[in-house]
Amino acid sequence: MPVREGIYGLLAEFDKPGELISAAKSAYSAGYRRMDCYSPYPLEEAAEAIGFDEPKEKGVARVCLLGGILGGVAMFTLETWISVWAYPLNIAGRGLFSWTAFIIPAYEWTILWAGLSAGFGMLALNRLPSPYHPVFNAPNFRNGATTDKFFLCLEADDPRFSLTDSRALLESLHPVSIVEVEH
């Protein structure tokens, strides 16, 4: 059965973190992979239950390393180009390619580019800023997500998602409520 146009998913509300974790494990074992858990505080067990095993820190570390390498190479290349080809000056009888003098500014640019790429890379990998998310359309989510309620959202773009089957699965987990989340 095709999913109705404009639906983001089904949101189930739970009262206790243990209920959310067991529901996430059940949904994962049923074959759902596009789902997310929402709670007022971090639940590492919930992250493990939905199969969130690849931390984004690895991606940020790679982006940071690449940014640092590019920054160092860019500055060293810029200094070489200026000193050797663009504005060659013979100062104190030294050669034009005085690479030892290039190391400190290249190091500074390595640090600068690594830091900037880590910050912007983290934002990009987390898809931030994200001023809108469809779960805010759910009436019970606004009041309970940051205080005392726990939510599991099965997203409609999951290959296993079917409105009737997904609702039946969530109902078998005995949530407080189940709502359809509109885009």
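Rings of Phe, Tyr and Trp (its six-membered ring) pair if their centres lie within 6.5 Å; planes under 30 degrees apart count as stacked, over 60 as edge-to-face and the rest as tilted. By that rule, the structure holds eight aromatic pairs.

Some ground rules before you click. This is a predicted model, where local features need pLDDT of at least 70, side-chain atom pairs count only at pLDDT 80 or more, and totals for chains, interfaces and linings use all residues. Residues are numbered from 1 along each chain as its sequence is written, and side-chain values use heavy atoms, with hydrogens and water left out.

**Stop 1: a ring pair.** Select Tyr41 and Phe150. Their ring centres sit 5.8 Å apart with planes at 80 degrees, so the pair is edge-to-face. This pair ties together distant parts of the chain, 109 residues apart: Tyr41 is in the loop between β2 and α2 (44-49), while Phe150 belongs to strand β3. Those element names come from DSSP runs, numbered from the N terminus: helices are H or I with at least four residues, strands E with at least two.

**Stop 2: the sheet.** Now show the strands. You'll get an open sheet of four, in the order β2-β3-β1-β4, with antiparallel pairing. Which strands stand at the edges? They are β2 (35-38) and β4 (177-182), each with a single partner strand, so one side of each has no neighbour in the sheet. On average, neighbouring strands are turned by 20 degrees against each other, direction ignored. Two strands count as paired if DSSP finds at least two bridges between them; β1 (residues 7-14) and β4 pair over six bridges. Pick Ile7 and you'll find its bridge partner in β4, Glu182.

**Stop 3: helices across the sheet.** Add α1 (residues 17-29), which lies across β1, β2 and β3 (150-155) and runs at about 15 degrees to β3. Then add α6 (residues 163-172), lying across β1, β3 and β4 at about 10 degrees to β1. Contact here means heavy atoms within 4.5 Å. Axes are lines fitted to C-alpha atoms, for helices over the stretch in contact, and angles run from 0 to 180 degrees between N-to-C directions.

**Stop 4: a salt bridge.** The whole structure has five salt bridges (a side-chain nitrogen of Lys or Arg within 4 Å of a carboxyl oxygen of Asp or Glu). For one of them, select Lys149 and Glu13, whose side chains meet at 3.8 Å, N to O. Lys149 is in the loop between α5 (139-144) and β3, Glu13 in strand β1, 136 residues apart.

**Stop 5: the backbone after α4.** Head to the loop between α4 and α5, home of Arg127 and Pro129. Arg127 has a positive phi of about 55 degrees although it is not a glycine. A cis peptide bond joins Leu128 and Pro129, with omega about -5 degrees.
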